[in-house]
Structures are given as structure tokens and as C-alpha cells.
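Colleague: I am new to this one, and I would like to learn how its labels are earned. Could you take me through it?

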Amino acid sequence: MEKILDFEIKNIKIYEGKKSTWCPGCGDFGVLTALKQALFELGISPFDTVIVSGIGCSSKLPDYINANAFHTIHGRLLAVATGVKLANQKLNVIVTGGDGDGYGIGGNHLIHAARRNINIKYIVMNNEIYALTKGQVSPTSPYGFVRGTTPYGSKDRPIEPCLLSLSAGATFVARGFSGDIKSLKEYIKAALKHKGFSHIDVLSPCVTYNEEYSYDYFRENIELLDGPYSSREEAISSIINTWKKGKIPVGIFYIEESNHYELSLFGSEDYSIVEEFKKQRELKKEEILELIFDKK
């Protein structure tokens, strides 16, 4: 992990943010807890961390954790996070959002962030519904899902986000369950250690607008895979075979060590656009002082 400030983390309370407005029992609480624990156990300073989010219940997460934050527009969280990371490689850039925000409005950005292998961590709280706007179908809602805007059942087939990011080139792909904080914390820690685009899809129940996909449902239907697999093809095949059995695959599916985007772009992990800008500004300042001095 990158470290900018020499700051020792002694208590997990340092990550405490504002009081949450999530519904009691919301699955996103589990993600927030797992993320705080992962940051604490790895000793990652909140001052060296930027959390970027879009729009939706899950995108409120940066308000509830003490770190630098950027709450951007719907679906554009990965684009903003890419800009933050390219400006300052030393920052730990974490992106948090939901399935509607990230797989619908921002679906195209997922593909390109994955293929670029930008060194950012993307945690998607997947409740299979647009919860903030009171329960419309999302890209991960099942076929035939009946809601107010789809009274005869959704005719759209759901996407499998982990297969999408794997096929697009992501070098770290996992799926967790917010009802299993201990395992989710370990997935997040592994993602934070990974140098490259890390995508964690999290099954995060919406207790208000999606009662079908409850904590009990996921506990009964998830299956932990024996990953990470040695090849992208093996990971994809294992996920597909698990779905065919009627089970939902979870676990770390794939990790690949490969040059991340910033290294390919700048040739060094030490190069910083922000630092370069500061140097240029100091040079100009010196030039101005020199001109003033010479005139004297």
C-alpha cells in the first residue's frame, strides 16, 4: 500500500464518519464494517485514502467513513477515480457504488477500467434493485422480476458482473456477501494489496425493497469456490458451472500480477502529476524572484 503521511493507526475509531441514514438491517452496513476493518488491519491511513462514489444508497458510504471523499454524478465514479489516481499515484483510491449505478449507468466505465488495469479498488454493493428510487429493476435483477415499473415481470436478462469484468481484463475479481463480514474483510484486504484493477461484487440485501433476496436466501444459496484460479478461463468456467447448479458463486475468483495502467503510462510508481505541478510552480516562483533580483 502507498503511504504519504507517516501516521500510526492505533484505533479503528479513526475511520468513524457521520451517522448513517441507511435503513436498519441494510446490507451495506456489513460492507462499511468490513472496509473499516480492512483499512485498520492493514494500517492504511484515512489521510492517504480517497473514496469515490456515485449516486445511490451504497454511494452514501464515503459520508460514513473518515477519509478523503469525492461524491460524483451517477455512473461516473470510475472515471473520476481514474483521474484521482493518475493525478497522484500514492493515494489509495477506493470506489464504492451500487449495481444500478455501476452496472447500468456506469457499465461502460467498468469495461474500460478493467481493460486498462488502473490501480483502483471497486466495491459494488449489489442488491439487485434500484433502492434509493424505491425499487425499480436493475441490471442484476432476475428475469421476470415483478416491481411497480415491471408489473408483468422484467423482460431483461440479468448480467453477471464478475464474468463481465473477467472478460474485460480485470486482474482481481471476487464476490463477497455482506452477511459474512469476516470473509468480505479478507477479500477487501487482498484487493487493497493487489496492484491493478480490483473488482469486488458484494451481495448486499435490501431489506426494504427486495425482500426476496434476503440474508437467509443468500446464506442458503451461495457457494464458496476454490479460487483464485490459475487462469481467467478457469475462473469463468467455474462461475458458469456454479450458476448452472443453481448456486451463487462467491470467493476470490482470479488474481493476475501484471503492470498496472499508471506504471505503463508514466514508467514509474513514483511519478506524480501533483508533485510535478508543485515543482513547476516553484520553478516559476524562482524565475520571478530571479527577475526581480536582477532588476534590483
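Modeller: Gladly! Let us start with a definition: Ala, Val, Leu, Ile, Met, Phe, Trp, Tyr, Cys and Pro count as nonpolar, Asp, Glu, Lys and Arg as charged, and the others, Gly among them, as polar. Keep in mind that this is a predicted model.

Colleague: How do the residues of the lining of the largest pocket divide under that definition?

Modeller: The lining has 10 nonpolar, 5 polar and 5 charged residues. The pocket itself has a volume of about 350 Å³. Its lining counts 20 residues, and Glu-128, Thr-140, Pro-158, Trp-243 and Ile-248 are the closest to the centre. Two or more lining residues come from each of H5, strand E6 (198–203) and helix H7 (215–221).

Colleague: What makes helix H5 largely enclosed by the rest of the structure?

Modeller: Buried means under 20% relative accessible area. In H5, residues 161–168, 6 of the 8 residues are buried, so the helix is largely enclosed. Those buried residues are Pro-161, Cys-162, Leu-163, Ser-165, Leu-166 and Ala-168.

Colleague: And what is found at the start of H5, and just after it?

Modeller: At the start, a side-chain oxygen of Glu-160 comes within 2.8 Å of the backbone nitrogen of Cys-162. Just after the helix, Gly-169 has a positive phi of about 115°.

Colleague: Why is Cys-162 called buried?

Modeller: The cut-off is under 20%, and Cys-162 has a relative accessible area of 0%, so the residue is buried.

Colleague: How many disulfides does the structure hold, and how do you know?

Modeller: It holds 0 disulfides. A disulfide needs two cysteine sulfur atoms within 2.5 Å. For Cys-162, the closest cysteine sulfur is in Cys-26, 19 Å away, so the two are too far apart for a bond. The sulfur of Cys-57 also has its closest cysteine sulfur in Cys-26, at 6.5 Å, which is too far for a bond as well.

Colleague: Which residues have the most contacts inside the largest nonpolar core?

Modeller: They are Leu-78, Ile-120, Tyr-122 and Phe-197, in a core of 32 residues. Among the elements that supply at least two residues each are strand E1 (49–53), helix H2 (77–87), strand E3 (92–98) and H5. The largest share, 6 residues, comes from H2.

Colleague: What makes the phi of Asn-117 worth a second look?

Modeller: Most residues other than glycine have a negative phi, and most peptide bonds are trans. Asn-117 is not a glycine, yet its phi is positive, about 60°. Asn-117 sits in the loop between H4 and E4. With 5% relative accessibility set against the 20% limit, Asn-117 counts as buried.

Colleague: Lys-134 also has a positive phi. Is Lys-134 buried or exposed?

Modeller: Exposed means over 50%, and Lys-134 has a relative accessible area of 61%, so Lys-134 is exposed. Its phi is near 75°, and its place is in the loop between E4 and H5.

Colleague: Why is the peptide bond from Gly-227 to Pro-228 worth pointing out?

Modeller: Most peptide bonds are trans. The bond from Gly-227 to Pro-228 is cis, with omega near 0°. Pro-228 lies in the loop between strand E7 (222–224) and H8.

Colleague: How do you know that Asp-201 is buried, and which side chains does it contact?

Modeller: Asp-201 is in strand E6, and its relative accessibility is 0%, so Asp-201 counts as buried. A polar contact needs N or O atoms within 3.5 Å. The side chain of Asp-201 makes such a contact with the side chain of Arg-175 at 2.8 Å, and another with the side chain of Asn-126 at 3.3 Å.

Colleague: One last residue, then: why is Ser-59 called buried?

Modeller: Ser-59 has a relative accessibility of 1%, so Ser-59 counts as buried. Ser-59 is in the loop between E1 and E2. A polar atom of its side chain lies 3.1 Å from the backbone nitrogen of Gly-54, and the side chain of Ser-59 also reaches the backbone nitrogen of Ile-55 at 3.4 Å.

Terms used. Residues numbered from 1 in each chain as written. Predicted model: local features only at pLDDT ≥ 70, side-chain atom pairs only at ≥ 80, totals over all residues. Heavy atoms only, no water. Buried < 20%, exposed > 50% of the residue type's maximum accessible area, 1.4 Å probe, protein only. Helix = DSSP H or I, 4+ residues; strand = E, 2+ residues; numbered from the N terminus. Polar contact = N/O pair within 3.5 Å; in protein donor to acceptor, adjacent residues only side chain to side chain. 1 Å grid on protein atoms, 1.4 Å probe; cavity = no way out; pocket = protein on both sides within 12 Å on 5 of 7 lines; lining within 4 Å. Points joined across faces, edges and corners; volume = space filled by probe spheres on them. Core = buried A, V, L, I, M, F, W, Y, C linked by side-chain atoms within 4.5 Å.
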